[in-house]
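Please read the following report alongside the sequence and the coordinates. It goes from contacts across the chain to helix packing and then to a single residue.

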Amino acid sequence: MEELKILEPLFRDALFQFFLYMALIQVLSQVFLDRRIAFWVSSLSTTILWLRSFDPVTPLKAWGIILLVFALYLVPEFFFQLNLFLYLKGKKRCPQCYCEAHWRAKVCPFCGYLFKDVEKRSREV
Ligand SMILES: [Zn+2]
């Protein structure tokens with residue numbers, strides 16, 4: 001039980017509670033509603049609840065973090081066509097069949113698509 005006491009200040013933190021609540025609604029709406037709208041249902045309902053019942057500063061901080069994560073995900077995708085989450089998993093997306101292939105794969109294992117860097121090299125030769 002001693003280990004749990006270290007976590008206690010974390011659970012008292014309003015920002016942590018906000019994300020904990022959001023995660024709970026996210027799971028519930030993923031199960032009972034739809035995966036595509038689950039994020040919006042959970043984030044907006046948590047924000048509304050927080051504004052009505054608690055302070056308005058915590059949702060502002062939380063949305064700052066959410067937008068930062070969005071930026072970290074969207075900026076590399078937009079400029080370098082790099083999906084950060086796939087990259088961290090060591091995968092890349094096949095443009096033809098949309099399956100996840102290993103990041104070093106030269107041919108898609110699902111549809112046989114030749115990835116770009118291989119195409120460029122074969123044209124140069
Ligand atoms: Zn493919």
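Among the contacts in the chain with a separation of 6 or more, 18% are accounted for by residues 24 or more positions apart. This figure, like the others here, is computed from a predicted model. Buried residues make up 8% of the 125 residues in the chain.

The secondary structure comes to 6 helices and 2 strands, and from the N terminus on the elements are arranged in the order α-α-α-α-α-β-β-α. The chain is more spread out than a compact globule, because its radius of gyration is 21 Å, well over the 14 Å that the globule rule gives for 125 residues. Taken along the principal axes, the box filled by the C-alpha atoms is roughly 65 × 35 × 30 Å.

Two helix pairs can be set side by side.

| Helix pair | Axes come within | Crossing angle | Citation |
|---|---|---|---|
| H2 (residues 14-32) and H3 (residues 35-53) | 8 Å | roughly 140 degrees | H2 with H3 |
| H3 and H4 (residues 57-80) | 9 Å | roughly 155 degrees | H3 with H4 |

With axes that cross at roughly 140 degrees, H2 is oblique to H3, and H2 passes H3 in a right-handed crossing. On the H2 side the contact is made by Phe18, Tyr21, Met22, Ile25, Gln26, Ser29 and Gln30, while the residues contributed by H3 include Arg35, Ala38, Phe39, Val41 and Trp50. By class, this contact of H2 with H3 has 8 nonpolar, 7 polar and 1 charged residues.

For the second pair, whose axes cross at roughly 155 degrees, H3 is roughly antiparallel to H4. Here Ser43, Thr47, Trp50 and Leu51 in H3 meet Thr58, Pro59 and Ile66 in H4, and the contact has, by class, 4 nonpolar, 3 polar and no charged residues. Trp50 of H3 thus takes part in the contact with H2 and also in the contact with H4.

Further along the chain, Phe110 lies in the loop between strand S2 (100-102) and helix H6 (116-124). Phe110 is partly exposed, because 13 other C-beta atoms lie within 10 Å, whereas a residue counts as exposed at 12 or fewer and as buried at 20 or more. Leaving aside its neighbours within four places in sequence, Phe110 is in contact with Cys94, Cys97 and Cys99. Phe110 and Leu4 are 106 residues apart in sequence, and their C-alpha atoms are 46 Å apart in space.

Methods
Residues numbered from 1 in each chain as written. Predicted model: local features only at pLDDT ≥ 70, side-chain atom pairs only at ≥ 80, totals over all residues. Helix = DSSP H or I, 4+ residues; strand = E, 2+ residues; numbered from the N terminus. Rg over C-alpha atoms; globule rule 2.2 N^0.38 Å. Contact = placed C-beta atoms within 7 Å. Axes fitted to C-alpha atoms, helices over the stretch in contact; angles between N-to-C directions. Parallel < 35°, antiparallel > 145°, perpendicular 65-115°, else oblique. Left-handed = near helix turned anticlockwise from the far one by under 90°. Nonpolar A, V, L, I, M, F, W, Y, C, P; charged D, E, K, R; others polar.
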